[in-house]
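Let's take a friendly walk through some charged side chains and see who pairs with whom. Keep the structure open as you read.

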Amino acid sequence: MAARLQWPQGMDITFCGGAGTVTGSRYLVRTSGPTLLVDCGLFQGLKELRLRNWDAPPFNPAEVDAVLLTHAHIDHSGYLPVLGKRGFTGRVYCTRPTRDLCQILLSDSARLQEEEAGYARRHGYSKHTPPLPLYTEEDAARIREHFRAVDVDTPVELGGGVRARFLLAGHILGAAMILLEDGAQRVLFSGDLGRPKDPMMPAPTTGLKTDWLLVESTYGNRRHVDDDPEAELAQVITRTVARGGTVVVPAFCVGRAQLLLYHLARLKRAHAIPDVPVFLNSPMAQETGALYPRHRGYHRLNDEECWDVCNVARHAVTVQESKDLHRVAGPKVLIAGSGMATGGRVLHHLKAYAPDEKNTVLFVGHQAVGTRGAAMVAGAESVKIHGEQVPIRAEVVKLDLFSAHADGDEILAWLRTFRAPPEETFVTHGEPEAAEALRARVAEELGWRVRVARHLETVTWSSST
């Protein structure tokens, strides 16, 4: 049964994703005016979660008037082409960098799905006949026509007296919190919160006030170590090179890859690592890096640092160039998507390098439950790639030093800047342990009314309690 809270003009929120898991963010907001969807992400990780992408959503997409995107990562935007296929005809509002990133990400996501469906069809390892992609590049192109870029901290009128403001959240280029208000009360969606001292991204906006708050909890039960990320990265590269090996880095192509390139450029300039080639095998990451000079107000990099991010690595663009990397003799650093080894070109590199103990597989981000990355970090002796078991004999390293997410302490520090406690706080976008840990800390340390959101739960604010 829905919890009954007060919202004078009438509003309810249904947690259609991002509740009980760290993927698939989708928050359906019904108001006395427009019906809105805050974020429209793909479920990733465990098969039971991924299958939700194929289910009909628990609402009619044709009735959604607008989508508001916090940022471009696929777990927040990747379901948009499906929404369009199922009848959505409204606008998609987001910051300018998020619009530009989605142009890249959605096309890449569609292309990968089509390629993997084709690979499965040719090699006969899918249980489906024929294997089909969730959506195609044509679907992705159609939904991009619905995008409308907005300026940060500028009200966006959505109809019925409801308006939205996008506020900087750090995390990745263009990421924003979204504050919805109707003139009487407010609800704030944190999106994914960045770190206050991130070397590339601005700190999340502080000093806010809201009546209702949805806050992410990806790292709600963790504390990032204070070690020097460059020193740790240098150690991994140096010892791998000493063995004559290759460092394979599955990296999120938006945000994490650019941060990694930033640190690699600094290490090379300081002669702190062996002079080995760095390869970026991700057209999407390459295109993302090229956006930084165009969106100066959304990051902290100067001209030289922007140049480094774009040029420290040699780029593999075509499929043939990707294959040719396996013929490059000697030690090297090879960066490719995706960050949790769930798909993309990095799978071919893992098949080539993970069976050899002289190599290293380096993970530099969160590994969701059920992903190949999580299995490898947990010590799996083999993982299934393209229908076959691949032995993992390479050294597997996970560095949390490059996280783009605020940890538990940093989330609490951000919450302490609020001008007043919200009426109620809902913890979202986290694995169960992380979400519960953050809930407990918010309740005990701040004394706020707080609970963990549940999948498909509806919370209603109305004039009658």
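## A buried pair

E410 has a relative accessible area of 18%, so it counts as buried, because the cut-off for that word is under 20%. Keep in mind that you are looking at a predicted model.

Which residue does E410 meet in a salt bridge? Its partner is R195, with 3.0 Å from N to O. R195 is buried as well, at a relative accessible area of 16%. Now trace the chain between them: E410 sits in helix α13 (residues 408–415), while R195 lies in the loop between β11 (186–189) and β12 (212–216). The two are 215 residues apart, so this salt bridge links distant parts of the chain.

## A pair that belongs to a network

Helix α13 also holds D409, which pairs with R223 from the loop between β12 and α6 (229–242), 186 residues apart. In this salt bridge the closest N and O atoms are 2.5 Å apart.

Are these two partners buried or exposed? D409 counts as partly exposed at 27% relative accessibility, and R223 counts as exposed at 60%. Salt bridges with shared partners join R223 and D409 with R416, R441 and E445 in one network.

## A partly exposed pair

R96 and D151 form another salt bridge, with 3.2 Å between the closest N and O atoms. R96 belongs to helix α4 (residues 96–123), and D151 to the loop between β7 (147–150) and β8 (156–159). Here 55 residues separate the partners. R96 is partly exposed at 33% relative accessibility, and D151 is partly exposed at 39%.

## The full count

How many salt bridges does the model have? The count comes to 32.

Terms used. Residues are numbered from 1 along each chain as its sequence is written. This is a predicted model: local features need pLDDT of at least 70, side-chain atom pairs count only at pLDDT 80 or more; totals for chains, interfaces and linings use all residues. Side-chain values use heavy atoms; hydrogens and water are left out. A salt bridge is a side-chain nitrogen of Lys or Arg within 4 Å of a carboxyl oxygen of Asp or Glu. Helices (H or I, at least four residues) and strands (E, at least two) are DSSP runs, numbered from the N terminus. Buried means under 20% relative accessible area, exposed over 50%, partly exposed in between (1.4 Å probe, protein chains only).
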